[in-house]
Amino acid sequence: MKTTSAMNRRTVLGLMAAAVAALVCCNAAWANGNVYRQTLQSTAWVLAKKSDGPSSGTGILIDAEKRLVITSAHVVGDCRMAVIFFPELDNDQPQVERKHYLDNAKRLGTRGQVIAVDRKRDLALVQLERVPQQARAIA
């Protein structure tokens, strides 16, 4: 009978450990969801018309007051200007279709001037004409 009792204790302890692990995982997933939502507001899609054709990549709003987005130098290439799109949300979910942004470029796109390029580090700094209301600088 001691064996059965010890097995029951181990089973209960094992189930408790699994429950605690599940709670920890759920809390981590919840925290990551919050980080995702906060970061999403800072993330941008950068479009540029380089001399060798169109280019696109990602960027991050790093300073809302100065209207600065950082992106990769290879995205902007030799361009002086770029068009920046921040996510448009529909029922708290981002629109993910490129066509949606291209079809609504006048409403959703923000023009930006390439003000600095560091080709060695593959970085470029773009100053926006304006910061869209929904955009937030990365924290």
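This short talk walks through the fold, the cores, the aromatic pairs, the strand pairing, two backbone angles and the salt bridges of one protein chain. What you have in front of you is a predicted model, and everything I say should be heard with that in mind.

Let me begin with the overall layout. The protein chain has four helices and eight strands, and if we read along the sequence the order is α-β-β-β-α-β-β-β-α-α-β-β. Of its 139 residues, 28% are buried, and the chain exposes about 9,700 Å², of which carbon and sulfur atoms supply 57%. Among the contacts with a separation of 6 or more, 62% are between residues 24 or more positions apart.

Turning to the interior, the largest nonpolar core has 14 residues, and Ile84 and Phe86 are the ones with the most contacts inside it. At least two residues of this core come from each of strand E1 (43-50), helix H2 (73-76), strand E4 (81-85) and strand E8 (123-128), with E8 giving the largest share, three residues. If we leave aside residues up to four places away in sequence, Ile84 touches Ala44, Trp45, Val46, Leu108, Gly109, Thr110, Val126 and Leu128. There is also a second, separate core of five residues, and Trp45, Leu47, Phe85 and Tyr101 are included in it.

In strands generally, one expects a simple rule for where side chains point: in a regular strand they alternate between the two faces of the sheet. I mention this only as background to the strands, and I would now like to stay with the aromatic residues.

The structure holds three aromatic pairs. In one of them, the ring centres of Trp45 and Phe85 are 5.5 Å apart and the planes stand at 35 degrees, so this pair is classed as tilted. Trp45 sits in strand E1 and Phe85 in strand E4, 40 residues apart, and the pair thereby links distant parts of the chain. Trp45 counts as buried at 15% relative accessibility, and Phe85 is buried as well, with a relative accessible area of 2%. In another pair, the centres of the Trp45 and Tyr101 rings are 6.4 Å apart with the planes at 75 degrees, so here the arrangement is edge-to-face. Because Trp45 lies in strand E1 and Tyr101 in helix H3 (residues 98-103), this pair ties together parts that are 56 residues apart in sequence. Tyr101, at 6% relative accessibility, counts as buried. Taken together, ring pairs link Trp45, Phe85 and Tyr101 into a cluster.

Which strands pair with E1? One partner is strand E2 (residues 53-63), in the antiparallel sense and over eight bridges, and a hairpin of two residues joins E1 to E2. Within that pairing, Thr58 in E2 is the bridge partner of Trp45. E1 also pairs with E4, again antiparallel, over three bridges, and there Val46 stands opposite Ile84.

Next, the backbone. Most residues other than glycine have a negative phi, and against that background two residues deserve a look. Arg67, in the loop between E2 and strand E3 (68-71), has a positive phi near 60 degrees, and counts as partly exposed at 29% relative accessibility. Asn91, in the loop between strand E5 (89-90) and strand E6 (93-94), has a positive phi near 55 degrees, and is exposed, with a relative accessible area of 73%.

Finally, the charged side chains, where the count comes to four salt bridges. Arg107 forms one with Glu88, the closest N and O atoms being 2.7 Å apart. Since Arg107 lies in helix H4 (residues 105-108) and Glu88 in the loop between E4 and E5, this pair ties together parts that are 19 residues apart in sequence. Arg107 is partly exposed, at 49% relative accessible area, whereas Glu88 counts as buried at 19%, the cut-off for buried being under 20%.

Another salt bridge joins Lys99 and Asp103, with closest N and O atoms 2.6 Å apart; being four residues apart in helix H3, these two are separated by about one helical turn. Lys99 counts as exposed at 56% relative accessibility, and Asp103 is exposed, at 53%. A further one is formed by Glu129 and Arg111, with closest N and O atoms 3.3 Å apart. Glu129 is in the segment after E8 and Arg111 in strand E7 (residues 109-118), 18 residues apart.

Definitions and conventions
Residues numbered from 1 in each chain as written. Predicted model: local features only at pLDDT ≥ 70, side-chain atom pairs only at ≥ 80, totals over all residues. Heavy atoms only, no water. Buried < 20%, exposed > 50% of the residue type's maximum accessible area, 1.4 Å probe, protein only. Contact = heavy atoms within 4.5 Å. Areas by Shrake-Rupley, 256 points an atom, 1.4 Å probe, with all protein chains shown as cover. Core = buried A, V, L, I, M, F, W, Y, C linked by side-chain atoms within 4.5 Å. Phe/Tyr/Trp six-rings, centres within 6.5 Å; stacked < 30°, edge-to-face > 60°. Pairing = 2+ DSSP bridges.
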